[in-house]
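These are my notebook entries on one protein structure. I set down what I looked up, entry by entry.

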Amino acid sequence: MNPKLIFSVPPLVDSFVNHFQRQADLKNIFIFLRMPKNASISPEWQVDLPDAHLSYYRNIFPKIEADHYFNHLLEQIPWQQDDVKVFGNVYAQPRLTSLHSNSLKTYTYSGLTLLPHPMTQELTALLDRIKTVSDHDFNCVLLNLYRDGADSNGWHADNEKELGKHPQIASYSFGASRFFHFKHRKIKEQRLKIELHHGSLLMMEGAMQEHWLHQIPKTKKPMEPRINLTFRKII
Ligand SMILES: O=C(O)CCC(=O)C(=O)O
Ligand SMILES: [Mn+2]
């Protein structure tokens, strides 16, 4: 056996249903941890789920660079809080957002039509960094600022028709670690949660946005701010 290849379930991935659920997940999910040749391009883990593929690069940025991006984005991004309509009622979104693109006119998601701001030098550098792990032609980025544990992002999929049938989504995290939950739309026992760390990149691929939902739940734990960026391609 290749001594560099370790098969294991990472401590980050855990079912949140119950013990039996956990056993089912362990049987169905193979995670492999590969000793990185180059930490910046090898995922810490990747997993083939039914109808989806996830790759997680825990330290795509060293801490000093991740700190720089977090502070820069916190101060320089024109954060805004939009109202959303849910079942006829209007709520302030429980987080701040900002959309950036050099080519799009508008982007509509969750019933909101956003006008993109231009890409900044930092956002372009973050976009370019994704090329070290994957070929892509993303043309916009949606940023979220979760100010504390009361900010959240409810169950949804990134499945707007402008993204095409099976979009690839690249998701950076900076700041506080938060849990990210997934559930399959039809296979009820397929649920998992992972922790998204400062300076990490998560790639969501395959048919994930068609068959799975994801969320960042609220938490009562004291929580520092967190910034998330999802790079997408609008067709
Ligand atoms: O904050 C995150 O990690 C996820 C954000 C997300 O799912 C979205 O903006 O569509
Ligand atoms: Mn999403």
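**Entry 1: Strand β17 and its partners**

I began with strand β10 (residues 140–146), which is joined to β17 by seven bridges, the two strands running antiparallel. I noted that the model is a predicted one. Within this pairing, I found V141 opposite F231 of β17.

I then looked up strand β12 (residues 169–175) and found six bridges joining it to β17, again in an antiparallel arrangement. Here A170 is the residue that stands opposite F231 in β17. I therefore recorded F231 as facing V141 in the pairing with β10 and A170 in the pairing with β12.

Is β17 largely enclosed by the rest of the structure or not, and why? Strand β17 covers residues 226–232, and six of its seven residues are buried, so I entered it as largely enclosed by the rest of the structure. A residue counts as buried here if 20 or more other C-beta atoms lie within 10 Å of its own.

**Entry 2: The protein as a whole**

I next looked up the totals. The protein has four helices and 17 strands. It has 235 residues, of which 29% count as buried. I also looked at contacts between residues at least 6 apart in sequence, and 71% of these join residues at least 24 apart.

**Entry 3: Two residues with positive phi**

Which loop holds D51? I located D51 between β3 (45–49) and β4 (52–57). Its phi is positive, about 70°, although D51 is not a glycine. I counted D51 as partly exposed because it has 18 C-beta neighbours inside 10 Å.

F87 lies in the loop between β5 (83–86) and β6 (89–92). F87 is not a glycine either, yet its phi is positive at about 50°. Is F87 buried or exposed? It has 4 C-beta neighbours inside 10 Å, so I entered F87 as exposed; the cut-off for this class is 12 or fewer.

**Entry 4: K193**

My last entry concerns K193, which I found in strand β14 (residues 191–196). K193 has 17 C-beta neighbours inside 10 Å and therefore counts as partly exposed. How far apart are K193 and H181 in space? Their C-alpha atoms are 4.3 Å apart, while the two residues are 12 residues apart in sequence.

Terms used:
Residues are numbered from 1 along each chain as its sequence is written. Chains are lettered from A and ligands numbered from 1 in the order in which they are written. This is a predicted model: local features need pLDDT of at least 70, side-chain atom pairs count only at pLDDT 80 or more; totals for chains, interfaces and linings use all residues. Two residues are in contact if their C-beta atoms, placed from the backbone, lie within 7 Å. Two strands pair if DSSP finds at least two bridges between them.
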